[in-house]
Amino acid sequence: MSTLALYGGEPIRKKAWPVWPPSDPEVEEEVLRSLRSQRWTISGLYNGNRSYEERFSNAFAKYNSGKFCIPTANGTSALICAMQAMGIGSGDEVIVPGLTWVACAIAVVKLNAIPVFVDVNESTLCLSPSRVEEAITGRTRAIMAVHLYSAICDLDNLLQISEKYNIPLIEDCAQAHGAIWRGQRVGTIGKIGTFSMQQGKILTSGEGGACITNDSDLAGKIYAIRTNGRSRLSVPPAAGYMELTETGNVFASNYCLSEIQCAILLARLNTLDYENNLRKNNKLIFETFLKEVEGLSLQKSSQGTEAGSMYHLPVKIDLSEFNHAGIETICKALSAELNTWIHQPYAPLNKNPLYDPSSLKWYGDKKDLDAGRFNLPVSLDAHNTHFLLHHSLFLGTTDDMEMIIEGIKKVKQHVK
Ligand SMILES: *Cc1c(COP(=O)(O)O)cnc(C)c1O
């Protein structure tokens with residue numbers, strides 16, 4: 001048996017993986033056009049043309065069959081705008097999955113509201129509806145349904161709870177651009193859908209985000225909250241004048257996305273379906289190969305999933321099949337073997353060192369923010385029993401899929 005790459009042996013994979021994010025001539029041309037347009041942001045003077053921001057917003061709304069789309073600076077600010085538009089603030093509670101990126105909790109805390117962490121389902125790794133129902137109190141103002149990694153949440157049951165208690169769902173689609181649930185794109189099923197276009201995400205402009213909604217009142221509020229209280233003139237002004245107008249009726253901030261980033265997104269949106277399909281087909285191939293290795297299984301999506309998406313693919317390990325080697329060691333050995341960073345899922349938010357409300361000077365009741373009151377055994381178990389494969393690994397060939405399996409087999413033989 002050849003030595004593990006972790007200990008200086010030959011790695012299974014030396015060649016580079018598909019580049020992420022890719023740049024192609026269409027993206028580069030659109031970026032050049034935006035650079036030469038003399039308008040780099042919507043708060044710059046009108047140049048006689050529709051802004052990239054408006055064009056991307058229309059294209060993304062249309063792609064999702066949603067009525068309104070408001071691009072934002074990033075996914076975190078999309079969440080903040082969505083919740084602020086719903087009137088969420090001091091003392092309100094928002095249900096947040098225990099297993100998700102820390103930004104979900106931070107966005108709630110930014111509004112002086114309280115994130116209530118709820119455990120996930122062990123096979124979908126998304127919010128457990130029964131745990132959600134238990135966590136609802138008279139102060140619950142929203143349920144943040146995060147479509148995590150390669151799964152869509154259990155929307156059947158979450159929608160039912162949302163209706164029963166009259167508490168809106170916010171869909172966090174930061175990891176699920178283009179996924180389809182019962183004939184609808186995610187993000188259009190709850191009251192508001194939010195997206196991140198950060199570099200690692202499957203639609204990206206480096207940094208970026210968006211909210212989509214079918215509710216015109218919420219859309220108008222989000223627009224103003226994002227744009228320091230300004231709105232767009234219904235008829236464009238003469239070139240050289242401002243297209244934004246002061247409303248002066250919203251306490252808001254600046255979460256605008258630049259024209260250059262919107263140009264990237266407009267061009268990249270054209271390849272999203274192609275890439276989602278490629279990943280889906282490679283995942284199917286990977287899944288057949290995976291059956292050759294005892295003790296491994298993949299995250300499942302909820303019922304109603306018609307087209308999934310993939311940000312990471314979580315692979316669950318039955319550690320008894322791997323001689324109870326620690327998950328961290330397995331991740332390190334796989335990373336070295338496959339020449340790419342392979343890591344565990346998020347730490348549960350009550351254990352995440354980045355989630356520390358006491359690091360802020362608070363003006364609410366700090367005891368409410370005591371993360372210790374949340375018990376998240378399933379999230380913790382998920383963190384300790386999975387490794388994640390980044391979606392860019394699935395933009396290659398069948399041979400690439402086989403190589404990932406070879407890497408896993410080699411690590412397994414060694415730990416045994
Ligand atoms: C990435 C991400 C965010 C935050 O997005 P940023 O663009 O990094 O601010 C929020 N929620 C989830 C689930 C994410 O994956």
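In what order do the 3 strands of the open sheet with antiparallel pairing that includes strand 14 stand? The order is 12-14-15. The structure is a predicted model, in which local features need pLDDT of at least 70, side-chain atom pairs count only at pLDDT 80 or more, and totals for chains, interfaces and linings use all residues. Residues are numbered from 1 along each chain as its sequence is written, and side-chain values use heavy atoms, with hydrogens and water left out.

Some terms are needed at the outset. Strands (E, at least two residues) and helices (H or I, at least four) are DSSP runs, numbered from the N terminus. Two strands pair if DSSP finds at least two bridges between them.

In this sheet, strand 12 (296-298) and strand 15 (386-390) each have a single partner strand and stand at the edges, so one side of each has no neighbour in the sheet. Neighbouring strands are turned against each other by 30° on average, direction ignored; axes here are lines fitted to C-alpha atoms, for helices over the stretch in contact, and angles run from 0 to 180 degrees between N-to-C directions. Strand 14 (residues 312-317) is joined to strand 15 by 5 bridges in the antiparallel sense. In this pairing, H312 stands opposite H390 of strand 15. Two helices pack on the sheet, where contact means heavy atoms within 4.5 Å. Helix 8 (residues 259-290) touches strand 12, strand 14 and strand 15, and its direction makes about 155° with that of strand 12. Helix 10 (residues 377-385) touches strand 14 and strand 15, and its direction makes about 65° with that of strand 15.

A further open sheet of 3 strands has antiparallel pairing and the order 7-6-13. Its edge strands, strand 7 (184-185) and strand 13 (305-307), each pair on one side only. Strand 6 (residues 180-181) runs antiparallel to strand 7 and is joined to it by 2 bridges; W181 has Q184 of strand 7 as its bridge partner.

The discussion now turns to strand 8 (192-196). Is this strand enclosed or open to its surroundings? Here, buried means under 20% relative accessible area, exposed over 50%, and partly exposed in between (1.4 Å probe, protein chains only). Strand 8 is largely enclosed by the rest of the structure, because 5 of its 5 residues are buried. In a regular strand, the side chains alternate between the two faces of the sheet. Both faces of strand 8 are covered, with I192, T194 and S196 buried on one side and G193 and F195 on the other. Strand 5 (residues 169-172) pairs with strand 8 in the parallel sense over 3 bridges, and E171 has G193 as its bridge partner. Strand 9 pairs with strand 8 in the antiparallel sense over 5 bridges, and in strand 9 the bridge partner of I192 is T213.

Helix 3 (residues 75-85) is also mostly covered, with 9 of its 11 residues buried. Among the buried residues are G75, L79, I80 and M83. At the start of helix 3, a side-chain oxygen of N74 reaches to within 3.2 Å of the backbone nitrogen of T76. The helix is followed by G87, whose phi is positive, near 85°.

Which residues come nearest to the ligand? Of the 15 residues around it (those with a heavy atom within 4 Å), G75, T76, D172, S196 and K201 come nearest. A polar side-chain atom of T76 lies 2.5 Å from an oxygen atom of the ligand, while for K201 the corresponding distance to a ligand oxygen atom is 2.9 Å. The side chain of Q175 has an N or O atom 2.8 Å from an oxygen atom of the ligand. Taken alone, the ligand exposes 380 Å², of which the protein buries 92%; such accessible areas come from the Shrake-Rupley method with a 1.4 Å probe, and for residues only the protein chains shown count as cover.

Two loop residues complete the picture. I202, in the loop between strand 8 and strand 9 (209-213), is buried, with a relative accessible area of 2%. The residues that I202 touches, not counting those up to four places away in sequence, include Q175, L272, M310 and H391. S150 lies in the loop between strand 4 (140-146) and helix 6 (155-165), and S150 is buried with a relative accessible area of 5%. The side chains of S150 and Q299 are joined by a polar contact of 2.7 Å, a polar contact being a pair of N or O atoms within 3.5 Å; within protein, one must be able to donate a hydrogen and the other to accept it, and residues adjacent in sequence count only if both atoms are side-chain atoms.
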